Amino acid sequence: MGEHIELLVGVFLIVMGASVVLQSQFWIEYAKRLITDPSHIVPLAFMTLLFGLVVLFFHSEWTKSAKSLVTLMGWIMTVKGSLLFLLPKQMVKIYPVQLISPRFLKVEGTLMVVLGVVIVLFAFT
């Protein structure tokens, strides 16, 4: 089951990273909508918490390998998703929309794709 979760996380990062690179303006507008209308945070909170919990329940491995990256991401997503549900207005206030630019998103998206590829490759070793 562990390698399936690694593949899930890796492919997710590849697809999301590619989306962030190719559709950076869309993601900037989405972030702005989160600030002006916090009700948009509910789907984000739901998916973040659910994805994080799935990773933790089925892949909680702390080793000296890339597998630990997946576990760490599971913890980060679980905490973030929980905070988005429990403190939505406060979380929206700390969202760094003013720092988001197409250039920043292209770098972030590229890093997500690279990390996703690394995780997918390590899932097969």
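Is Ser68 buried or exposed, and what is its relative accessible area? In this predicted model, Ser68 is buried, with a relative accessible area of 12%, a value that falls under the 20% cut-off for burial. The residue is placed in helix H4, and, when its neighbours within four places in sequence are set aside, Ser68 is in contact with Glu61, Trp62 and Thr63.

Helix H4 itself comprises 20 residues, spanning residues 67–86, and extends 29 Å from its first C-alpha to its last, which is close to the 28 Å expected at 1.5 Å a residue. Besides Ser68, the buried residues of H4 are Val70, Thr71, Met73, Gly74, Met77, Thr78, Gly81 and Leu84. In an α-helix there are 3.6 residues a turn, so residues three or four places apart point the same way.

The structure holds one salt bridge, which is formed between Lys32 and Glu29, with the closest N and O atoms lying 3.9 Å apart, a separation that satisfies the criterion of a side-chain nitrogen within 4 Å of a carboxyl oxygen. Both partners belong to helix H2 (residues 24–36), where, because they are three residues apart, Lys32 and Glu29 are separated by about one helical turn. Side chains of opposite charge can pair when their charged atoms come close. With regard to solvent accessibility, Lys32 counts as partly exposed at 40% relative accessibility, and Glu29 likewise counts as partly exposed, at 33%.

Note on methods:
Residues numbered from 1 in each chain as written. Predicted model: local features only at pLDDT ≥ 70, side-chain atom pairs only at ≥ 80, totals over all residues. Heavy atoms only, no water. Helix = DSSP H or I, 4+ residues; strand = E, 2+ residues; numbered from the N terminus. Buried < 20%, exposed > 50% of the residue type's maximum accessible area, 1.4 Å probe, protein only. Expected span 1.5 Å × (residues − 1). Contact = heavy atoms within 4.5 Å.
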